Amino acid sequence: MDGTIGVNKPTIWFADEDFHDADEPYLPELYKESFHAWYEDARDMEACQYGMFRLYSRSASIYSTDMPEQHKLNASDWDETMNRLAMQCIQSEAYSVLLEQGVQYSAIPVTRRKDRKVFAAFIYAVNERLAISKPELEGYMKHYRVHFYRVFESVFVKEIMLQKNLIDKEATHRERLFLISKRLYDQIDAESVVREMLHSLEELYQDSEIYLYLSQDHLEGDSRVRPLEFRNSANDIVTEAFLEGKCCIDREQPGYIRLAIPMNGKQAAYGVLCIEINMVHWDESDLPAFMLIADTAGSAFENAKLYEQSNLLINELRIINEMTKRLNQSLRSREIFQYATAELLKIFAADYCCVLQLDRKSNEFKVRASNLEVLVGKTYANDYGFTGVVYRTKEALITSDYKNTKSVSSELMEDTNSRSLIGAPIFVDGEVAGVILVTHRDANYFSYDNYKLLQVVSTHIGLAVTNASLHAEMRKMIITDNLTNLHVRHYLDEEIQRKQRVDAQGSLILVDIDFFKTVNDTYGHQVGDRILIQVSAIVRSSIRNGDIAARWGGEELAIYLPNVPASRAVQIAERIRIRVESETDPKVTVSCGISEWEASHDKISVESLFYRADMALYESKKNGRNRINIG
């Protein structure tokens, strides 16, 4: 059973293991424990009752049984003799025996089981009458060696178990860290990352206080998350950890240790993780794990932030795309402003929105659209309120709390009890053509992202307004005669046709300049054009805004009067005739033909209306000109 190969080949692998010379400094405790174990096992034997056993190691360590009371030996004599005999036995590596003063001292070497090298001397001292033989002593020695190696194997197993426990602990720790990391990276928003990290740490270190100090965001409703405040205190390890980017430890509080570790991402430091734990539950080997959790949380927090920002950006792009598409579908500025107001209220979840347009002639801003109806149509000086600030600076602005600042007067903010505001200019051809104001009743409501988004949206609104203006100008060019600035004939035809579908009646006046060819032949075409312009100006100033005047032919003009009977049309035509005769230079006269339609007529058409007016005009010319006739 000593580890030799053969029949007694051990079934446990460590039974063949042995200690080495380098292990000598660690053996005294092993000698002591094994000797005491052997003595407890052997003390009932006769040899132990009548004599004394001792174990000497190479370093002269002595482990001894008790002196039997019936043998009163001289302590100094046998002590010196046994020491001398032990050294002799170890050096000679052989059985040694001495007989002095009636006492027999016998020593036998104790060898290692693997290489048979002597590592101790096993000695027995007894009255020579009770002396034991070499084989007996060898039996006692081997009995002791069995105990020695049993203790040795026990220590070996304990060491193995300790290593195994450490490995298991490490494996468990790694697994827990892996699960924590996985759970952290599974979160897609920053708040979830923070809560998961704090929850995981509280599971790992249950008897502790854990806080997270964030440099920017603050998680509302969680007392464990606090804003990072920079202090001048030399003992502020949280600030020190954040600024220096390293772990800081405070051991000044008795019985507790406080650690502060920066929560870093690849782009920045986002905060500091702080834990205060009882020293009883703290193991310095846990520090790398704690730092790993902080680093993992920093990366996961950063990823979540980037994910949130990318989602925000995607949402903003979607909003901008949909809004731009819808804005470009409308070519009327009024519709654009109304749609923009409705959309801005939804996008920013705002309480009020106001869109103002600059009137270039009066140089004042007019409210074109707002969900506060009392403001629509109001005008303001270009230096009034927040609109004036935007107009002057040509930049967007944000106000967090109007109630406590009131840097400018604002009717919008006062009437709505709003406290937060974002505003942006609407640019057309590089100049401020309008202003957008978005408000909310709560203070600090709008974020910097809202501020930036409004700037982008206002640019697209400006482009839509520009397109609408260009379209209006183009349409005006298409439906307007360049010389007279009256509408062209096809526009007049379209409008009369549209009116006949919805109105109850209407009248048409055809105006022809008398002897216009003679004017051209006499004065030239430039003067003829001037006469046309004069007559057209008289016509425009003699009718209502809803009436339509057009150039029907060369020197012929047409006037359509919606919902006006022929009797009233005669009065208007007469006013025009009189003014032309008195106001033109050179003087000319006009002849007029009038026709009307009513919903009760059998046949209603633009052609019949013009035909009857043309026939009436023919009658006026036939009967002497400078007169009016109804067809």
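1. On one side of helix α14, K517, D521 and T522 are exposed (over 50% relative accessible area, 1.4 Å probe, protein chains only). The model is predicted: local features need pLDDT of at least 70, side-chain atom pairs count only at pLDDT 80 or more, and totals for chains, interfaces and linings use all residues. Residues are numbered from 1 along each chain as its sequence is written, and side-chain values use heavy atoms, with hydrogens and water left out.

2. Which residues of α14 are buried? In this helix, residues 516–523, they are F516, V519 and N520; buried means under 20% relative accessible area. They share one side of α14, because their arc around the axis is only 95°. That arc is taken over the directions from the helix axis to the C-beta atoms.

3. An α-helix has 3.6 residues a turn, so residues three or four places apart point the same way.

4. The cover over the buried residues of α14 includes β17 (505–513) and α15. After α14 comes G524, with a positive phi near 100°.

5. Helix α15 (residues 525–541) packs against helix α16 (residues 566–583) at about 140°, and their axes are 10 Å apart. The pair is therefore oblique, a label for angles that are not under 35 degrees, not over 145 and not 65 to 115. α15 passes α16 in a right-handed crossing (the near helix is turned clockwise from the far one by less than a right angle).

6. Where do α15 and α16 meet? Q534, V535, I538, V539 and S541 in α15 contact I576, R579, V580 and E583 in α16, with contact meaning heavy atoms within 4.5 Å. These residues divide into 5 nonpolar, 2 polar and 2 charged.

Notes:
Axes fitted to C-alpha atoms, helices over the stretch in contact; angles between N-to-C directions. Helix = DSSP H or I, 4+ residues; strand = E, 2+ residues; numbered from the N terminus. Nonpolar A, V, L, I, M, F, W, Y, C, P; charged D, E, K, R; others polar.
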